[in-house]
Amino acid sequence: EKLAGIRSSLPKPGPKLVLGEVMNISIGGLRRELIINKGTTDRLKPDQYVLGGNGIVGIVSETSQATARVRLVTDAGCKIKVAIWLAGKKKYIYARMDGEGTDSAKIPFISREYKIRQGDTVYAAAVPGFLETPVIVGRVNQVKPDEKEPLLWDITVEPVQNVELLK
């Protein structure tokens, strides 16, 4: 029974995973990027998710034959579809997460009718044929009423993985 529980929590089979190493970390200004030692030879393509440590850390933005540039989820140009898990309601709230160019990201345009709480888990939303199972990307770090739009939340997300610890 324990093994069956573990098996049901693993991602469904899909595209093959490619194990790569971080060659360079570039953090400055609004940019947050990695260079990894895998590229088109390893079938990497732009817009593929990149896993690191305990969850998704970014998206492939450019590829060459032997390397790829990874835009981290905190990069100001990174926008991904996410799902916020509301444990009390046992349902997802789907949204878009935007990198801030800092050590966090924001989820805009969420109505205050949803009871989002600090500590709620944020997942990269499943994409049929690409990412069959939602994979963690971060946790809600702060929730407060939006100053410009009082009917919406201002949600800050802390990534699940510290980039400096990636190898």
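1. A cavity, in the sense used here, is a set of grid points where a 1.4 Å probe fits but cannot get out, and its lining residues are those with an atom within 4 Å of a point. The structure to which this is applied is a predicted model, and by this rule the count comes to one cavity of 30 Å³ or more.

2. Which residues line the largest cavity? The lining consists of Ile 56, Val 57, Leu 72, Val 73 and Thr 74, together with Pro 159, Gln 161 and Val 163 from further along the chain. The space that lies in this largest cavity is about 40 Å³, and its lining, sorted by class, has six nonpolar and two polar residues but no charged ones.

3. Turning to the strands, an open sheet is formed by five of them in the order β1-β2-β5-β4-β3, with antiparallel pairing. Its edge strands are β1, covering residues 22–28, and β3, covering residues 49–52, each of which pairs on one side only. On average, and with direction ignored, neighbouring strands of this open sheet are turned by 35 degrees against each other.

4. Within the open sheet, strand β2 (residues 31–36) and strand β5 (residues 68–72) run antiparallel and are joined by four bridges. As one position in this pairing, Ile 35 stands opposite Arg 69 of β5.

5. A further group of six strands closes into a barrel, in the order β6-β7-β8-β11-β10-β9, and here too the pairing is antiparallel. Neighbouring strands of the barrel are turned by 40 degrees against each other on average, again with direction ignored. Between strand β7 (residues 91–99) and strand β8 (residues 105–111), which run antiparallel, there are two bridges, and Gly 99 has Ala 105 in β8 as its bridge partner.

6. One loop residue deserves a separate paragraph: Asp 146 has its place in the loop between β10 (135–145) and β11 (152–159). Is Asp 146 buried, partly exposed or exposed? Because its relative accessible area is 23%, and buried means under 20% whereas exposed means over 50%, Asp 146 counts as partly exposed.

7. As for the surroundings of Asp 146, when residues up to four places away in sequence are not counted, Asp 146 touches Leu 152, Trp 153 and Asp 154. The C-alpha atom of Asp 146 is also separated by 9.1 Å from that of Pro 108, although these two residues are 38 residues apart along the chain.

Key: Residues are numbered from 1 along each chain as its sequence is written. This is a predicted model: local features need pLDDT of at least 70, side-chain atom pairs count only at pLDDT 80 or more; totals for chains, interfaces and linings use all residues. Side-chain values use heavy atoms; hydrogens and water are left out. Two strands pair if DSSP finds at least two bridges between them. Axes are lines fitted to C-alpha atoms, for helices over the stretch in contact, and angles run from 0 to 180 degrees between N-to-C directions. On a 1 Å grid over the protein atoms alone, a cavity is a set of points where a 1.4 Å probe fits but cannot get out, and a pocket is an open set with protein on both sides within 12 Å along at least five of seven lines; lining residues have an atom within 4 Å of a point. Grid points are joined across faces, edges and corners, and a volume is the space filled by probe spheres set on the points. Ala, Val, Leu, Ile, Met, Phe, Trp, Tyr, Cys and Pro count as nonpolar, Asp, Glu, Lys and Arg as charged, and the others, Gly among them, as polar. Buried means under 20% relative accessible area, exposed over 50%, partly exposed in between (1.4 Å probe, protein chains only). Contact means heavy atoms within 4.5 Å.
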